[in-house]
Amino acid sequence: MSKVINLVVAGLGGQGVLKASDILAEAAFRAGFDVKKSELHGMSQRGGSVSSDVRFGDQVWSPMVPAGEADCLVVLDETQVEVNRGVLRPGGVLIGPDLIAPGALKNKKSLNVALLGALSSHLEIPEEHWLAAIRANLAEKLHKANEQSFALGRAAGRF
Amino acid sequence: MSTVNIPVTSDPEGLTCPTSPIGDPAASPHENVIAQTARAAADLLRRSSGAENARLSSDRHLASPAMSAQPQLLSGDEAVAPAALHARVRLGTGYPGTPSTEILEAFDKLGGRAQWSPNEKVALEVGLGAAFGGARTLVTMKHIGLNVAADPLFTAAYTDLEAGLVVVSADDPGMASSQNEQDNRHYARAAALPMLEPMDSQQAYDLTLLAFDISERWRIPVILRITTRVCHSKTLVRPRASQAETPTPGFRRDIQARVMIPAYAKPAHHRLRHKLAEIAAWNDAEGPSRVFPGGPGSDGDLGIIATGIAAVHAREAAPGARLLAIGLTYPLPLGTIRAFADTCERLLVLEEGDPVLHQALLAAGIPAEGKPDMYRFGELNVARVRRILAGDQTPEPVPPKGKPPELCQGCSHRGVFEVLRDMDCIVAGDIGCYTLGVLPPFSAMDTCVCMGASIGVGLGLRHVLPEDQARRVVSVIGDSTFVHSGLTGVAEMVYNPPATGHVVLILDNGTTAMTGQQEHPGTGRTLSHDPTGKISFEGLARAMGVQNVHVVAFNEADGTLEALLKDLLARPETSLVVARQPCVLAAPKIRFHEKAATDRLQACPSSLVDD
Ligand SMILES: Cc1ncc(C[n+]2csc(CCOP(=O)(O)OP(=O)(O)O)c2C)c(N)n1
Ligand code: SF4
């Protein structure tokens, strides 16, 4: 495989965008890929737009996804869809917050992980690596809720 | 899934950055090294273009047998920390600043000894003392922090160190979280100090180790310049084994090497230039330059010379081009560069920020193309590098604007800026979360330049404005910023008070919120949140002779602050008000640390004194 998979996770500060991209990058890393992940933080605590790029493949050079080349875009907040749409390549997949029915998540904060579940159904990363990455990046008391959210998103993502 | 076509033209074995300890300086005197230079440069090029290219590794991190541990996914900042640990750094000092902050925090978590200083100048001075005392020391700061630390830096360059001293300058091209995008490569030239520039986390790790070796071999401070994208991007790092234990610190008197009176500084300047000439020659012979052979593609006659993250963008944008990535960017390996240039029909210099490298090549008589001036602004990325390669100077597409950050709901700064807005104050502002008071719905800040400037700028305005305007001027400064560089401003206020008096407002939210809630000397806790001495702002102001000193526990709009400010603004006296209320995001952690300290004190009353 010489192609690089380009993914972007976007949302607002405080929604867990960076946590989601950490989990995503770690899942790809555990699956044995070269991985690069990039974002700018500093202002992310204060509710502004946040986005994070994750790229994986045999060998990745630049850590940033070029505009118009993302294979998938995961957006955690409806208002951020249009702001970020330009990163998608023609035919790229948009995974938005509307994919998860309101009230479907026991823990609302786990929307980020639910949408990763949806993303996971589009990627060739075995499920075990996703689950291990979730456990490695979240406190133990959050594991169960997030595993459920992931499963829910994974089922919803198979459209 | 789409295909971004990146041929697997990995780094051929042996071209990864050499980080083995440098040998005895006596073994490779200046002249010998220069004699070796052309041979080594030719060798580097041969290795990059010859038959060995067939031996491609699919993992460029698998190169050296010296690398032992499993790879880890680390940010550039997180990679500097284990390198410091493996280099046996005994002390890390610094002042928080995006994108450098995580380095010392990670070093602390790994068990290293790390301390926040009140500002970057003090951090560097402490680091210098430690290096004089024989301890390897790491000093970290953001790019503008080096302006604050520039005074010790320039003369530290003249001294001879006893142990390695590495100064990390984390630059922010594109200003993700800074008030300017100054290019600190100029500091290497201006202060005459070696500078290393990593392109990814592995190099951040490798070049940190190398920086200590260079620093110790030539007894000179070394600058590691790392940029936002490298600091905050996670890439694979394969750490090496820890280096051998370094000698125990101890004092060795060497007055002429460390007391910079003119009589000693004059020969010291000559020594410094001699060190640089040796380092340049070493850089040509054995430095961390890497040549990537051109892969299949149409760019065969193109050669690119790049530094830092520009190298990986170049690799992606022009996979067919040959690439020379320079790791030790000052003093430059001009022999290596010349030899590379000779083999290229078209030579392009790719660098973020100012045309520092390009101008250095032109000055050395090496003809090369640079980038059009429009690409001097902001970060580079693959798309921009493609445009540079194509000579495209048409206006760039403007990405849609996202939602700007704002003060958190419940943030203590909100109420203060409502009062300042409603009172129509002229606000000399400063840097921190509270700078967001400039945005609607407050629009209550009129100046913001650098840390601490609020006080001096406010005084300047007071001195010259007509009286009715002068009376409306307030200097607003955060607690961490006040400790960083507000004290001298207060000294100025007491010493040269404006005719209308002045009012300084310290927004004490008990943390350095802007950069992610670090401790500072006003919180009474160390970097690792243990109790320590605490500075009282109000006590300090009284001791310095400020006429009116007040503390308000600021709680929403109860009118206290407004009434107090009205009173103070009407007096031709000097005033300082501490508005105290914890940052809402930090408050739970502050309570946690306070409780931990009380518990400890109760368990063992002497513990505060003993450690
Ligand atoms: C010379 C320099 N060093 C570091 C920084 C990074 N920085 C910006 S604001 C700030 C301190 C903010 O803390 P504080 O003054 O307490 O305000 P708060 O963010 O808590 O409101 C720091 C460290 C800088 N801008 N300039
Ligand atoms: S992080 Fe703290 S200081 Fe900064 S905006 Fe939020 S509440 Fe205010």
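Helices (H or I, at least four residues) and strands (E, at least two) are DSSP runs, numbered from the N terminus. With that in hand, start at Pro99(B), which sits in the loop between β2 and α3 (102-109) of chain B. The peptide bond leading into Pro99(B) from Thr98(B) is cis, with omega near 5 degrees.

Some ground rules before going further. This is a predicted model, so local features need pLDDT of at least 70 and side-chain atom pairs count only at pLDDT 80 or more, while totals for chains, interfaces and linings use all residues. Residues are numbered from 1 along each chain as its sequence is written, chains are lettered from A and ligands numbered from 1 in the order in which they are written, and side-chain values use heavy atoms, with hydrogens and water left out.

Back to the backbone of chain B. A cis peptide bond also joins Tyr330(B) and Pro331(B), with omega about -5 degrees; Pro331(B) lies in the loop between β12 and α13 (334-342) of chain B. Then there's Arg88(B), whose phi is near 65 degrees, a positive value in a residue other than glycine. You'll find Arg88(B) in the loop between α2 and β2 of chain B. For context, most residues other than glycine have a negative phi, and most peptide bonds are trans.

Next, the sheet. Seven strands of chain B form an open sheet with mixed pairing, in the order β3-β2-β4-β5-β7-β6-β12; two strands count as paired if DSSP finds at least two bridges between them. β3 (114-116) and β12 (328-330) of chain B stand at the edges with a single partner strand each, so one side of each is left without a neighbour in the sheet. Further in, β2(B) runs parallel to strand β4 (residues 137-142) of chain B, and four bridges join them. Within β4(B), Thr140(B) is the residue opposite Gly94(B).

Now for charges. A salt bridge here is a side-chain nitrogen of Lys or Arg within 4 Å of a carboxyl oxygen of Asp or Glu, and that rule gives 44 salt bridges over all chains. One of them pairs Arg90(B) with Glu245(B), the closest N and O atoms being 3.8 Å apart. This pair links distant parts of the chain, 155 residues apart: Arg90(B) is in the loop between α2 (76-86) and β2 (91-94) of chain B, and Glu245(B) in the loop between β8 and α10 (255-258) of chain B.

Where do the two chains meet? Counting contact as heavy atoms within 4.5 Å, chain A brings 43 residues and chain B brings 53 residues. Buried area is the accessible area (1.4 Å probe) that two parts lose on being put together, summed over both; between chain A and chain B it is about 4,000 Å², with 60% from carbon and sulfur atoms. Of the area that chain A buries against chain B, Arg46(A), Trp61(A) and Met64(A) supply 21%, more than any other three residues.

The count between chain A and chain B is three salt bridges. Among them is Glu69(A) with Arg386(B), where the closest N and O atoms are 3.0 Å apart. On the side of chain A that touches chain B, β2(A) gives the largest share, six residues. β2(A) also pairs with strand β8 (residues 234-237) of chain B, in the antiparallel sense over two bridges. There, Lys37(A) has Lys234(B) in β8(B) as its bridge partner.

Last stop: ligand 1. It is surrounded by 26 residues (each with a heavy atom within 4 Å of it), and the closest are Glu120(B), His413(B), Cys433(B), Asp479(B) and Thr481(B). Several polar contacts, pairs of N or O atoms within 3.5 Å (within protein, one must be able to donate a hydrogen and the other to accept it, and residues adjacent in sequence count only if both atoms are side-chain atoms), involve oxygen atoms of ligand 1. A polar side-chain atom of Asp479(B) lies 2.4 Å from one such oxygen atom, an N or O atom in the side chain of Thr481(B) is 2.5 Å from an oxygen atom of the ligand, and a polar backbone atom of Ser480(B) is 2.9 Å from an oxygen atom of ligand 1.
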